[in-house]
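Q: I would like a close look at a single part of the model shown here. Please describe that part, and then what surrounds it.

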Amino acid sequence: MANDHILTLSCPDKPGIVHAVTGIFARKGHNILELQQFSDATSQKFFMRVHFGPTPTESTEHLGPAFDSLAGEYSMAYDIRPVAQKPRVLIMVSKIGHCLNDLLFRAKTGQLPIDIPVIVSNHPDFAPLAASYGIEFHHLPVTRETKAAQESQILELVRQHNVELVVLARYMQVLSPTLCEAMSGRIINIHHSFLPSFKGAKPYHQAYERGVKIIGATAHFVTADLDEGPIIEQRVARVDHSMSPKALVDEGSNIESQVLAAAVKWYAERRVFLNGTKTVVF
C-alpha cells in the first residue's frame, strides 16, 4: 500500500457526486481500490470513502485544485490522507485497565493502526504498564474544584503531542462541556452497557437487578450530554439468571475491549463519519 491514500468526504446529497469524484481520479491516472458511499434520505447528506493509489510520491498536492473546486461546487468537506499515516492517540483511564491493556497490545502488535504517545489517568496505578510499553504517563488527579485546571493540562498534552484522538478506556470521570467542545468528534468512550439502556454508574448491577438476558457494550463519541453521543459500535453477549453481578462484569469486560478496539480501528482507517446524532461507518 505504498503511497496509497484515503479520501473521505461529506456534502449535501445531489446527483453527479460519484461521477465527479471518480472522474478526477481517472483524469489524474489513479486507480480506485475500494469505494463506499451512502446517501441518507433523512439528513439528505452524502458520505463517501475512497481508497486510491498509487501516487508517484506521498504528496497529493496535484489533486488539491480539482477537489477544492469540487468542494466549492458541492459544499463539500473532504480530507485526503496516506493509508500509512497513523493517528496519534491519547488514552485516558482510571482504575480498571482491561481496555487500556488491550489497546496497548493491539497497537504494539500492529493490529491497531495508531500511535500512542501519552496516557493520562486520575490514578497512578497504570504508570508501570505505560513504562513497560515506553509510553509517557501523566497522573492528573481531579476533583470538582480542580477539574478545569486538570482538563487544561489534558488539552496542553493534546497540543504538545499533536494528538488527533482521545480514547476514554474506562476513564470514570465526566468530561466538562468545555473539553467536549474543544475535542468535538475526536473523543471516543467505551460505555459498559448496550446504550441507551443502563446509562451512568454501575450498569451491570442495574442489568442484574432487571434480570436481563443480554448485556453489551457501546463505543460512542463523547458529547456534553452523558452517554448520549453518536454510537460507533455495539456488541452483546447472552447471560442468564445464574450469573452474579461480578460474572456480568467479567463477561462484559471482554465485550468492552472488543468494541472499543473496533471503534478505534475504524476511526484510524477513516471509516467513521458523523451524521448528526448518529454515525455512518463503512
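Which residues of strand 9 lie on one side and which on the other, and are they buried or exposed?

A: Ile187, Asn189 and His191 are on one side of strand 9, Ile188 and Ile190 are on the other, and all are buried (under 20% relative accessible area, with exposed over 50% and partly exposed in between; 1.4 Å probe, protein chains only). Both faces of the strand are thus described as covered, and five of its five residues count as buried. This is a predicted model, in which local features need pLDDT of at least 70 and side-chain atom pairs count only at pLDDT 80 or more, while totals for chains, interfaces and linings use all residues. Residues are numbered from 1 along each chain as its sequence is written, and side-chain values use heavy atoms, with hydrogens and water left out.

Strand 9 spans residues 187-191; helices (H or I, at least four residues) and strands (E, at least two) are DSSP runs numbered from the N terminus. Strand 9 belongs to an open sheet of seven strands with mixed pairing, in the order 7-6-5-8-9-10-11. Strand 7 (136-139) and strand 11 (231-238) are the edge strands; each has a single partner strand, so one side of each lacks a neighbour in the sheet. From one strand to the next, the twist averages 15 degrees.

Strand 9 has a partner on either side in this order; strands pair if DSSP finds at least two bridges between them. With strand 8 it runs parallel, joined by three bridges, and Leu168 stands opposite Asn189. With strand 10 (residues 214-221) it runs antiparallel over four bridges, where Ile188 has Phe221 as its bridge partner. The connection from strand 8 through helix 6 (residues 177-182) to strand 9 makes a right-handed β-α-β unit: with the strands pointing away from the viewer, the path from the first strand over the helix to the second runs clockwise.

Helix 3 (residues 98-108) packs on the sheet and touches strand 9, along with strand 5, strand 6 and strand 8 (165-168); contact means heavy atoms within 4.5 Å. Its direction makes about 165 degrees with that of strand 6, where axes are lines fitted to C-alpha atoms, for helices over the stretch in contact, and angles between N-to-C directions run from 0 to 180 degrees. The buried residues of helix 3 are Cys99, Leu100, Asp102, Leu103, Leu104 and Ala107. Strand 9 is one of the elements they pack against; the others are strand 5, strand 6, helix 4 (127-132), strand 8 and helix 8 (245-268). An α-helix has 3.6 residues a turn, so residues three or four places apart point the same way. After helix 3 comes Gly110, with a positive phi near 85 degrees.

Cys99 has a relative accessible area of 1%. Its sulfur is 19 Å from the closest cysteine sulfur, that of Cys180, which is too far for a bond. The structure holds zero disulfides, a disulfide being a pair of cysteine sulfur atoms within 2.5 Å.

Further along the sheet, strand 5 (residues 88-93) and strand 6 (residues 115-121) pair in the parallel sense over five bridges, with Val120 as the bridge partner of Met92. Helix 5 (residues 147-160) lies across strand 5, strand 6, strand 7 and strand 8, at about 155 degrees to strand 5.
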